[in-house]
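Let's take a walk through this structure together, stopping at a few helices, a loop and a cavity along the way.

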Amino acid sequence: MNVKSRARIGAALGVAALGLGVALAPAAQADPSPVTQYRTLAGVGSDTTQDVLNGLGNVVTNAFGQKIIASWNATGTATVKTKATGCVINRPNGSSAGIDALRNAVDTNSGCLDFARSSRGPADTATSTDLTWIPFAKDAVSWVKRSDSTLPSDLTAAQLKDIYECNLTSLNGVALTPILPQANSGTRQFFLSSIGVSALGACVHEGVQENDGTVLDSAGDIAPYSVAQYTAQEKLVVTDRRGAAVLGSVGTVAPRNADKTLNLAFPFTRDVYNVVPTPKLTNATIASTFVGSTSKVCAAGTTIANYGFGTLGANCGTTTLKGER
């Protein structure tokens with residue numbers, strides 16, 4: 001199957017899964033409901049954290065009991081309307097696209113977005129401090145294969161690097177097909193950085209929607225996957241997009257503990273973030289919602305854990321990580 005076919009099927013399956021998700025877990029599966037309910041803080045971006053932000057959007061309220069956070073999923077309609085007046089924007093798919101959209105809102109002073117979801121840190125921390133990455137949970141990224149595949153269940157970081165550079169093309173007699181999410185995916189960028197890949201091999205199939213195991217349709221397929229998303233899908237807290245995908249380990253270390261919580265000893269763990277314009281850190285609503293370990297988001301540890309993420313304790317809500325896309 002060629003790259004375009006994989007991407008088209010993955011996108012179609014993702015949209016279908018979103019529809020099924022309403023029946024499975026209506027509490028936090030899509031854009032704010034009703035979509036005409038314009039809340040104080042509007043955000044877009046990461047596929048990995050879209051569901052937990054939807055969950056947080058349902059529990060984080062102001063003094064009047066009104067919901068504060070409106071978070072739009074990475075996939076769905078082509079455009080979203082984020083504020084009552086104007087603010088119809090193209091739907092950003094992925095961390096980088098969400099950060100770009102936030103940057104555009106800042107540059108144009110549109111007021112259309114207040115934060116971006118990101119599953120990776122900033123690319124530039126040396127020359128810009130315009131945006132602040134505020135951590136709120138811990139995740140990990142492992143790799144998945146099909147449950148009926150004879151590929152090994154454990155790979156080293158060096159093997160994964162060789163696979164995605166196309167230097168290692170088969171294992172256990174199975175021809176490998178390395179798959180990657182679309183270019184704006186924070187999971188993609190974190191995974192490639194973790195395994196040390198700077199230049200992809202020509203054998204890599206790119207462009208699928210991340211955290212969607214249904215795109216694995218042959219025995220040699222492997223792809224990166226958010227461990228938190230996998231757990232939330234397995235628990236049916238969110239739409240189950242795993243298909244036949246099963247999590248692999250790295251260097252004999254499993255990504256989850258026996259109780260299926262995140263294994264903090266796994267080599268590829270990461271913080272996940274809400275990104276805000278640095279000058280807005282003093283905004284009362286943004287500060288009370290995102291900033292500090294006692295902020296409303298950080299205080300919602302039960303909700304965060306329910307979506308498969310680890311909590312950060314005193315490190316939640318710090319504002320020291322500043323940079324640019």
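Please keep in mind that this is a predicted model. A good place to begin is helix 6, whose buried residues pack against helix 2 (50-59), strand 6 (131-146), strand 12 (221-226) and strand 13 (245-247). Helix 6 covers residues 227-234, and because 7 of its 8 residues are buried, it is largely enclosed by the rest of the structure. Those buried residues are Val-227, Ala-228, Gln-229, Tyr-230, Thr-231, Ala-232 and Gln-233.

Both ends of this helix deserve a look. At the N-terminal end, Ser-226 acts as a cap, with a side-chain oxygen 3.4 Å from the backbone nitrogen of Ala-228. Just after the helix, you will find Leu-236 with a positive phi of about 65 degrees.

Now turn to helix 3, residues 95-108. Does its length fit what its residue count predicts, or depart from it? At 1.5 Å a residue, its 14 residues should span 20 Å, and the end C-alpha atoms are 20 Å apart, so the two agree. The buried residues here are Ser-95, Ser-96, Ala-97, Gly-98, Ile-99, Ala-101, Leu-102, Arg-103 and Ala-105. They pack against strand 1 (41-45), strand 5 (115-118), strand 6, helix 5 (186-195) and strand 15 (269-277). Strand 6 thus appears among the packing partners of helix 3 as well as those of helix 6. Following helix 3 comes Asn-109, whose phi is positive, near 55 degrees.

Next, a stop in a loop. Between helix 7 (284-290) and helix 8 (301-306) sits Ala-300. Is Ala-300 buried or exposed? Its relative accessibility is 12%, and since buried means under 20%, Ala-300 counts as buried. Leaving aside residues up to four places away in sequence, Ala-300 touches Leu-56 and Val-59. By contrast, Tyr-225 lies 24 Å from Ala-300, C-alpha to C-alpha, and 75 residues away in sequence.

Finally, let's look at the empty space inside. How many cavities of 30 Å³ or more does a search of the whole structure find? The search finds 2, and the second largest has a volume of about 60 Å³. Of the 15 residues lining this second largest cavity, Val-208, Gln-209, Asn-211, Ala-223 and Pro-224 are the closest to its centre. Strand 10 (177-181) and strand 12 each contribute at least two residues to the lining. By residue type, the lining of this cavity divides into 10 nonpolar, 3 polar and 2 charged residues.

Methods:
Residues are numbered from 1 along each chain as its sequence is written. This is a predicted model: local features need pLDDT of at least 70, side-chain atom pairs count only at pLDDT 80 or more; totals for chains, interfaces and linings use all residues. Side-chain values use heavy atoms; hydrogens and water are left out. Buried means under 20% relative accessible area, exposed over 50%, partly exposed in between (1.4 Å probe, protein chains only). Helices (H or I, at least four residues) and strands (E, at least two) are DSSP runs, numbered from the N terminus. Contact means heavy atoms within 4.5 Å. A polar contact is a pair of N or O atoms within 3.5 Å; within protein, one must be able to donate a hydrogen and the other to accept it, and residues adjacent in sequence count only if both atoms are side-chain atoms. On a 1 Å grid over the protein atoms alone, a cavity is a set of points where a 1.4 Å probe fits but cannot get out, and a pocket is an open set with protein on both sides within 12 Å along at least five of seven lines; lining residues have an atom within 4 Å of a point. Grid points are joined across faces, edges and corners, and a volume is the space filled by probe spheres set on the points. Ala, Val, Leu, Ile, Met, Phe, Trp, Tyr, Cys and Pro count as nonpolar, Asp, Glu, Lys and Arg as charged, and the others, Gly among them, as polar. The expected span of a helix is 1.5 Å times one less than its number of residues.
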